[in-house]
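Student: Please take one part of this model and look at it closely with me, going slowly from one feature to the next. I would like to follow how you reason from the values to the picture.

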Amino acid sequence: MHYLGKMTLIALLSLSGISMAAEKLAAPAFTPEQEARIGEVSKGYLLAHPEVLLEVSQKLQALQQEKRVQDMTAAVIHNQTALLMDGGSPSVGSKTAKVTIVEFFDYQCIYCARLAPEVERAIKANPDVRFVFKEWPIFGQRWEASSQAARVGLQIWQQKGADAYLVYHNALFSTGHNEGKLTVGDISEAAKAAAFDWTKAADVQGTLEETNGLAQLLGFTGTPALVVMPSTGADMQNVIVIPGMAGAEVLQVAIEKAGKSSAH
């Protein structure tokens with residue numbers, strides 16, 4: 001029997017809950033003639049029911065994504081100090097908050113732009129939650145404005161604090177300019193709205209490099225990437241990693257889950 005046909009049939013049997021039959025099939029329990037016949041039957045079935053292949057593919061993808069998120073969660077727990085105690089990254093909310101949300105983002109990322117108003121809603125709805133913004137300009141090599149926007153954001157945070165940073169942050173995303181459309185003029189206007197003094201800009205390259213290194217350690221491969229976690233006592237059950245877009249409702253559920261955990 002062809003190897004692919006045998007493995008496909010094993011997958012089909014597994015999905016049907018016939019694990020014992022699948023285990024037997026994995027062993028060389030059939031003659032060459034029997035294997036050939038089984039191959040013909042499985043091929044005929046799959047040709048008649050191609051939706052089964054889609055089901056198998058979706059199941060495998062779901063298992064792979066679940067494993068990926070579990071690995072990220074374990075990495076978050078291992079690196080929680082770097083996530084929660086980095087004074088170089090902008091943050092909004094009390095440092096004694098029981099729940100912290102950390103967002104890795106790029107101003108040129110269209111999904112980050114879609115996420116920005118959702119995060120703004122979550123901030124307004126949860127004044128007792130701390131939000132940390134990790135400037136991660138992954139499109140910097142393609143679009144220089146990506147790196148420049150990130151640098152200015154960090155400089156505004158260091159010079160003017162949380163309120164000014166949020167003004168700049170939201171102003172840039174509200175332009176609707178992303179995927180290479182963000183301009184130097186956009187950055188200048190947003191910085192002006194935050195009353196940024198360009199002559200006193202700090203060197204923030206070290207923070208950018210640390211954030212990039214941390215993102216790699218966590219296994220993040222793109223933006224946005226979100227971590228919702230209790231500020232103390234993080235474990236595999238109370239850390240929520242969201243590698244992608246999320247609405248305010250999803251964030252609220254994650255906040256409540258992490259908050260309940262931290263209360264015990």
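Tutor: Let us begin at Glu179, which counts as partly exposed because its relative accessibility is 38%. Keep in mind from the start that this is a predicted model. Glu179 sits in the loop that joins helix 8 to helix 9, and although Glu179 is not a glycine, its phi is positive, at about 55°. That deserves a second look, because most residues other than glycine have a negative phi.

Now consider the two helices on either side of that loop. The axes of helix 8, residues 162-174, and helix 9, residues 184-193, come within 8 Å of each other and cross at roughly 145°, and the crossing is right-handed. On the side of helix 8, the residues that make this contact are Val167, Tyr168, Ala171 and Leu172, while helix 9 contributes Asp186, Ile187, Ala190, Ala191 and Ala193. Sorted by class, the residues in this contact are eight nonpolar, no polar and one charged.

Which residues of helix 9 are buried? They are Asp186, Ile187, Ala190 and Ala191. These residues lie on the same side of helix 9, because the arc that they cover around the axis is only 130°. The spacing along a helix helps to make sense of such a pattern: an α-helix has 3.6 residues a turn, so residues three or four places apart point the same way. The buried residues of helix 9 pack against helix 8 and also against helix 7, which spans 144-160, whereas Glu189, Lys192 and Ala193 are exposed on the other side of helix 9.

If you follow the chain onwards, you meet Ala195 just after helix 9, with a positive phi of about 60°. Ala195 belongs to the loop between helix 9 and helix 10, and its relative accessibility of 47% is why Ala195 counts as partly exposed, since a residue is called exposed only when the value is over 50%.

Further along the chain comes another backbone feature, this time in a peptide bond. The loop between helix 10, residues 205-218, and strand 4 holds Pro224, and the bond leading from Thr223 to Pro224 is cis, with omega near -5°. Here too the general rule is a useful background, as most peptide bonds are trans.

Strand 4 runs over 225-230, and Ser231 lies in the loop between this strand and strand 5, residues 240-242. Ser231 counts as buried because its relative accessibility is 16%, below the 20% that marks the limit for buried residues. A polar atom of the Ser231 side chain is 2.6 Å from the backbone oxygen of Ala97. If we set aside the neighbours within four places in sequence, the contacts of Ser231 are with Leu84, Ala97, Lys98, Val99 and Thr100.

To finish, look at Val102, which is part of strand 2, residues 99-105. Val102 is buried, because its relative accessible area is 0%. Apart from neighbours within four places in sequence, the residues in contact with Val102 are Leu83, Val132, Lys134, Ala225, Leu226 and Val227. One of these, Lys134, is 32 residues from Val102 along the chain, yet the C-alpha atoms of the two are separated by 7.0 Å.

Key:
Residues numbered from 1 in each chain as written. Predicted model: local features only at pLDDT ≥ 70, side-chain atom pairs only at ≥ 80, totals over all residues. Heavy atoms only, no water. Axes fitted to C-alpha atoms, helices over the stretch in contact; angles between N-to-C directions. Helix = DSSP H or I, 4+ residues; strand = E, 2+ residues; numbered from the N terminus. Left-handed = near helix turned anticlockwise from the far one by under 90°. Contact = heavy atoms within 4.5 Å. Nonpolar A, V, L, I, M, F, W, Y, C, P; charged D, E, K, R; others polar. Buried < 20%, exposed > 50% of the residue type's maximum accessible area, 1.4 Å probe, protein only. Polar contact = N/O pair within 3.5 Å; in protein donor to acceptor, adjacent residues only side chain to side chain. Arc of directions from axis to C-beta.
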